[in-house]
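User: I am new to this structure. Please take one strand and walk me through its surroundings.

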Amino acid sequence: MRRAILSLTLMAGCIWGPMAWGQIAQSHPEFCGLADGFNPPLPDLSATVDGDGNAVLYLGQGNTGIPLRGNLPSPITQLSEVCPLSSGLLAVFGDFGGTEVFIVDPAKKTLIDLFNAYHPVISPNQRWIAFVKMYALHGVNGSNQYMLYDLTKQAAENRLDGDTRNDIDVGRVIFPPGHENFPGSNVDLPKSQQHFGGTRIYWAPDSRAIAFEDRTAEGPGIVLVTLDDNGTPSAFRHEITPAEMCGRDILSGDSINWRLMRAELGPDGTRGTGGIVLDIDRSGGAGCVPHTLELQGADFNPAKTEANVRPTHTFGAIRDGRVVIPPKEK
């Protein structure tokens, strides 16, 4: 019997039923990294999400699905975006509070990799996925580590230890400089190494750089990370001033509430000869005004290197089943 494709987005309400059929929501075109946030043409796909948040992807009108099942802390509520890649693979993004990224081979009808992330964005040349490493939103002091996943490599090659069962410690750290990727590398860090930023990651058109907002104990800034042909990063930071944040001169007692809405990197802005245009809006309050800020490469300084290395101890209690903690001294 031919399957009926309903115009559903597989939202959270559908998990109350045993199974929900529907089209892919395509609600996050920015994940695909195309110019102007356009949605790519979607292949003939449909999906199910069951009451436990397990998704199955169906190609065309076939009855054999591709299970999309990871080790999630909470159920998937929808498949929010599918990005067809020039390699023939599909990058599928599922919402669960964070984002679970599935790499699917439609020709072989197999799931070839998956990992969890915040703010994932595919590069325009479709070689990389830049994202923030996952950490629990409650119960830990998390910090943003910006990661790079190589779509030209196998799943094991995107893990330092080659363990494809690991869906958290995936990719390489490209910011902050000096950080390493290991279990717990982005939680409970010293205040001097904590980084926050609630906005998405923005790619340069040539896929050679990313830009994003960065807030630290020393103050807010805009980060520019450039990449060579192998994805080796060089990180730079501009300490944004109160006037740049608010779009006007700031008087004593004025409220400063701002957020980065968009960043556009010029074709040569990644190497310091062009501009980076930032759209900045106020975030609550009346202290700031919406405005556009343009920065040049010369406005950025090399980002500070932070020593955040893998623990060498191999004994003690294990927290969350993963992170080894040395025992307290008696």
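Analyst: Here is a close look at strand β10 and its two partners. This is a predicted model, in which local features need pLDDT of at least 70 and side-chain atom pairs count only at pLDDT 80 or more, while totals for chains, interfaces and linings use all residues. Residues are numbered from 1 along each chain as its sequence is written, and side-chain values use heavy atoms, with hydrogens and water left out.

Start with the strand itself. Strands are DSSP runs of E, at least two residues long, numbered from the N terminus. β10 covers residues 146-150. Five of its five residues are buried, meaning under 20% relative accessible area with a 1.4 Å probe, protein chains only.

Now take the faces. In a regular strand, side chains alternate between the two faces of the sheet. Y146, L148 and D150 sit on one side of β10. M147 and Y149 sit on the other. Both sides are covered.

Next come the neighbours. Two strands pair if DSSP finds at least two bridges between them. Strand β9, residues 128-133, joins β10 through five bridges. These two strands run antiparallel. Here M147 of β10 stands opposite F131.

Strand β11, residues 172-175, also pairs with β10. That pairing is antiparallel too, over three bridges. L148 has R172 in β11 as its bridge partner.

Put together, β10 pairs with β9 and with β11, and both of its faces are covered.

Key:
Buried means under 20% relative accessible area, exposed over 50%, partly exposed in between (1.4 Å probe, protein chains only). Helices (H or I, at least four residues) and strands (E, at least two) are DSSP runs, numbered from the N terminus.
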